[in-house]
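The following note sets out points for a colleague's consideration. They concern how the chains meet, how charged side chains pair, and where individual residues lie.

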Protein chains: 2
Amino acid sequence: MKWWGWGDEQVAFTHEDKPALRPFILRHLRVDIAKPASGPIAFEDLRVPEPVLPGALADRLREVAGAEHVSTEAIDRVIHARGKSLRDLVRTRAGDLGRIPDLVVRPGDEDELAAVLRAALDADAVVIAFGAGSNISGSLEAPGDETRTVISVDMGRLDRVLSIDPVARLAEIQAGVSGPRLEEQLNAAGWTLGHFPDSFTHSTLGGWIATRSSGMQSDKYGDIAELTRGLRVATPSGMLVVRPVPSTSTGPSVREMILGSEGRLGLISSATVHVHRLPEERVILGYLFPTWAAALAAMRDIAASEASPSVTRVSDAEETAFSFSTRKRSSLLDKVKSKALMTFLGRRGFDVDAMCLAFIGYEGSERHVKAQRKAVARVIKPHGGLGIGTGPGELYDQKKFDTPYIRDFLLDRGVLADVSETAAPWSRLQEVYGAVTGAARGAFAELGVHGYVMCHLSHSYHSGACLYFTFAITPSGRREPLDEYATVKNAIQQAFVDNGATLSHHHAVGTEHARWLEQDISRPGVTMLRALFDGVDPGRNLNPGKLVDAEEYHQAMNLPGPSQRVVAESVPIAPAQPAPTSPEPIPEPRPAPQA
Amino acid sequence: MKWWGWGDEQVAFTHEDKPALRPFILRHLRVDIAKPASGPIAFEDLRVPEPVLPGALADRLREVAGAEHVSTEAIDRVIHARGKSLRDLVRTRAGDLGRIPDLVVRPGDEDELAAVLRAALDADAVVIAFGAGSNISGSLEAPGDETRTVISVDMGRLDRVLSIDPVARLAEIQAGVSGPRLEEQLNAAGWTLGHFPDSFTHSTLGGWIATRSSGMQSDKYGDIAELTRGLRVATPSGMLVVRPVPSTSTGPSVREMILGSEGRLGLISSATVHVHRLPEERVILGYLFPTWAAALAAMRDIAASEASPSVTRVSDAEETAFSFSTRKRSSLLDKVKSKALMTFLGRRGFDVDAMCLAFIGYEGSERHVKAQRKAVARVIKPHGGLGIGTGPGELYDQKKFDTPYIRDFLLDRGVLADVSETAAPWSRLQEVYGAVTGAARGAFAELGVHGYVMCHLSHSYHSGACLYFTFAITPSGRREPLDEYATVKNAIQQAFVDNGATLSHHHAVGTEHARWLEQDISRPGVTMLRALFDGVDPGRNLNPGKLVDAEEYHQAMNLPGPSQRVVAESVPIAPAQPAPTSPEPIPEPRPAPQA
């Protein structure tokens, strides 16, 4: 993994095979991406502090995990210091390392994992679990003023599928397994977990659970919270064992307390999760909709219909335009086809600047896929949806895990790009969309910077959907770039909670979203989390400062302290007011054609 | 509501129109139900203790809710003293009232509810929410040695659907609404919640949430945990507001902490829940399977197929026989039909003593229902399933809420009947079934009593199902009847947790299941619950002694204390050993025909 950026050392994003991208970025962000500005600091130039490490603790950890699995090397400590949020990348690239861990330990099994926790608690050290390091909410970094020893527990050796139960369709899997290694082991036996977040290649089962992750095919398979049935977690009071039962009424769900706990309750050793037989058929179709409002209405009506596609994703006009700008250099045939499509769209009354690209996926038996495609076609027809075949879907499917590499490419060119995602009821989506894009553009104007904001709907549920926003700015040079970034990011997050949406759908809270937690789940909700964390971990040894108590981060981001915060109030589910920036209203649901 | 038994005063179970029932009970329990033995004590003969009630608290509550909504009448206090578990009924019928509440208050809105809580906390009183009083896990009774004032908060006036959002398909509903009143309001606008527990007529939305309820059509609509999105709860630290978002990654789920909290975290004021349009068509079909093993295999394969019925329910041979014994006196035509069916079954090789009756339900558009019926037919054919039309299903549908009345009928005749339900992975179901029926029959033999145990599978999930056991004994007369009952009940619950099943699928923990909680969710799981309860409610004013800390109940039931308890260990998901009583193995899954 790159210590200064996303993903594999040998992989990088390039614009050279994408002729439309350079003019697109030049137009919107006033930056010529053909001219890289600056890279990260050289590793040799980093000032890596000496570890705060009592010899007795280091000795005990070497005894527990074996000396070869305990490291105090600078590169290990730097890689394990934080995740890959925009703020993480900017600081690390500039050589601002923060409070890096003093030691990295790699336990090889559950007993070693439990013994590592025991040793750390006995020595009053801080313990932070590390999966594959792709967290983008500030969940992995120790507080800057932490004086105790900080231990990063790298879960990478706990990477095996332990057993598959073909009758119950459950698999027990170690928490440190990465996405590709997990699917490789399951696929070999004919199974899949079906969990594919954007971070798939650089995230782990334990990380997904600790942050309540969601994947590209969660419409079919469910979010990780639904997939996870059993758990084994090393906690200060021993090994927590959650049985893999399909449902239970044994009090407040302990399973759901581990989900999203970000390392504050213990170290997840393994989980028993739903698995599915690899589908006979799998297809992702492209569709075009004349407007964002029409596309949202179509997705909403699919959710209310008897159709059950595996993927429902639609980009707004801005993201559609960006998407087209990243198309590879095309053959003459492609150009002819493309031109024919544009002519056809024009005749159908499509405005090319307003149209929205959607992907809808289908999985299962041939019969099922055929029936689902028909059912979806019936629902989207009244909304002007137009099928454009498998080509765009296949392309999306191939490059879906490459997107995070773009951030580093843009950072090399001085552009700051980031993402913020939320979920809200269908009745509020257009209002949330209008408020968020309005807030982002308002922040661009306030700062006097060039910026771009775009959005896609990424997951559909019975009552609402996830909206995923991507934004980028070219800093003005008049202020610290991270301060200008913070102004935009904060405006977007504030627009979420002010409009009845949640502060994060699947990126978790960490430190970067902690400021809005109380506005989302209300003060008594925060009281409940504090009660749980403080009761289980009275010494605050387990990943302190995440979710709640992230004051230091708030100061760094110029955010008001808790005393200035407004207590969350219920937002009515059906908005009484028109949306702040009055986007086109979504058509009312009609009696949906049934599957 | 009856103070001494289940349901409406004017409704009672009768055997008179069911000619096969008397011989059935005589054969299995050696009791002649034509001769009632004894009824409950007369209300006038109850010794109702004086309330422990400081005048200032009573005055403040009258001020808050209005004097007419504060009651210290004996009948109110007795009705609100406990739920309707077998143990509750036996004690109440005998005049053993326990620690009844000192006062019943009926707040009329959320502000009054919050003010009642505030007043109670200020006076260091105990607060127990009361929905419709049908809890059967001992969740409603105050500890016998409680010296503080005990307030029962009757939620019955909070019974309105506040709003329906037709776009997001969400409704905000007050927590005190009963099942019928809720559906009546939703149905009037064309909607349904789709939540129909056995207790439907005498339970409330708030009660369902507080106990993690499940309903007869939860295969389609989801358990209450899934249906519930938003919550408003009066807590000691103020009004908890959980936003009705479709999914979120804001830390451990506060929503899931209220679900199953049994009044230990606060008083639920309202919830925002999924609603669905009333289905065009709804049909429940009867099926017969040659054996229990074949029926279980069919249900498992339906869950793994692309079919999605709304109800999957199958009775074992014992429950099938009981079910046939409760058929009403039939016409000559019925008799001819019935005889023809038996002849037909005989020719198909069915053993009438081994066959199992199943109900599978379908809901939706005509097209959908037709496709689902076909898909189910393809799956069950290889398991010998035989459709027997809509007649039995319609009958089941009509009388599904009447079952609880039988307990009182049997109690009048000296027979103790009760239920215990669990959930386990598909791979363990037959083992759990064998262990539980074996444990019950072992207990009958040990006690030297006549008993009967029967079972149905009531809900299917991806990875497993709920098994619902009903058992009855005719006490020997040599010991306290409740002691003999406890021997059987404890053997069944112990068999659940010893075989990888959960101690309760949807009846919750209360006091009656608290003894096994640690064996189910492990000691660190109990630590997490304690941390949450003690942190939120340090004075233990909120329904104390439920879920954890139910020592007094354990003593009454002759159960070992916590020091003698075994810590739960993980049970492997695929059993290594044959089941204790070696029931017929379930056929292996075959590549299922697809929908």
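A polar contact is taken here as a pair of N or O atoms within 3.5 Å; within protein, one must be able to donate a hydrogen and the other to accept it, and residues adjacent in sequence count only if both atoms are side-chain atoms. The model discussed below is predicted.

1. Polar and ionic contacts between the chains. Between chain B and chain A there are 38 residue pairs in polar contact, with both residues at pLDDT 80 or more. Salt bridges between chain B and chain A, by contrast, number zero. On the side of chain B that touches chain A, the largest share comes from helix α19 (residues 517-536) of chain B, with 15 residues. That side of chain B is made up of 45 nonpolar, 36 polar and 18 charged residues.

2. Extent of the interface. The size of an interface is often given as the accessible area lost when the parts come together. For chain B and chain A the buried area is about 7600 Å², and 61% of it is on carbon and sulfur atoms. In terms of residues, 99 of chain B are in contact with 99 of chain A.

3. Symmetry. Which operation lays chain B on chain A? A turn of 180° with a shift of 0.0 Å along the axis does so, at an RMSD of 0.0 Å. This is the relation of a two-fold axis. Among the residues of chain B, B:Leu532 comes closest to the rotation axis, its C-alpha being at 2.4 Å. Of the interface residues of chain B, 100% are also interface residues in chain A, so the copies meet through the same surface.

4. Salt bridges over the whole model. Side chains of opposite charge can pair when their charged atoms come close. The count over all chains comes to 62 salt bridges. One of them joins A:Asp122 and A:Arg60, with the closest N and O atoms 3.0 Å apart. Because A:Asp122 lies in helix α5 (residues 110-122) of chain A and A:Arg60 in helix α2 (residues 55-65) of chain A, the pair ties together parts that are 62 residues apart in sequence. A:Asp122 is partly exposed, at 49% relative accessibility, and A:Arg60 is also partly exposed, at 31%.

5. Buried charged pairs. Are the partners A:Arg82 and A:Asp88 buried or exposed? A:Arg82 is buried, at 3% relative accessibility, and A:Asp88 is buried, at 2%; the cut-off for this class is under 20% relative accessible area. The closest N and O atoms of their salt bridge are 4.0 Å apart. A network of salt bridges links A:Arg82, A:Asp88, A:Arg91 and A:Glu141. In chain B, the side chains of B:Glu256 and B:Arg255 form a salt bridge at 3.5 Å, N to O. B:Glu256 is buried, with a relative accessible area of 5%, and B:Arg255 is buried at 12%.

6. The surroundings of A:Arg264. A:Arg264 is placed in the loop between α10 (254-258) and β10 (267-274) of chain A, and A:Arg264 is buried, with a relative accessible area of 1%. Beyond its neighbours within four places in sequence, A:Arg264 is in contact with residues including A:Phe533, A:Asp537, A:Arg540, A:Asn543, A:Leu547 and A:Asp549.

7. Positive phi values in chain A. Most residues other than glycine have a negative phi, and most peptide bonds are trans. A:Asn543, although not a glycine, has a positive phi of about 35°. A:Asn543 lies in the loop between α19 (517-536) and α20 (551-556) of chain A, and A:Asn543 is buried, with a relative accessible area of 3%. A:Leu547 is likewise not a glycine and has a positive phi of about 70°. A:Leu547 is found in the loop between α19 and α20 of chain A, where A:Leu547 is buried, at 1% relative accessibility.

8. B:Trp6. Where in chain B does B:Trp6 lie? B:Trp6 belongs to the segment before α1 (21-29) of chain B, and B:Trp6 counts as buried, at 3% relative accessibility. B:Trp6 and B:Leu89 are 83 residues apart in sequence, while their C-alpha atoms are 8.6 Å apart in space. Leaving aside neighbours within four places in sequence, the contacts of B:Trp6 include B:Lys84, B:Ser134, B:Ser199, B:His202 and B:Tyr405.

Definitions and conventions:
Residues are numbered from 1 along each chain as its sequence is written. Chains are lettered from A and ligands numbered from 1 in the order in which they are written. Side-chain values use heavy atoms; hydrogens and water are left out. Contact means heavy atoms within 4.5 Å. Buried area is the accessible area (1.4 Å probe) that two parts lose on being put together, summed over both. Helices (H or I, at least four residues) and strands (E, at least two) are DSSP runs, numbered from the N terminus. Ala, Val, Leu, Ile, Met, Phe, Trp, Tyr, Cys and Pro count as nonpolar, Asp, Glu, Lys and Arg as charged, and the others, Gly among them, as polar. Copies are superposed by least squares on the C-alpha atoms of residues with pLDDT of at least 70 in both. Buried means under 20% relative accessible area, exposed over 50%, partly exposed in between (1.4 Å probe, protein chains only).
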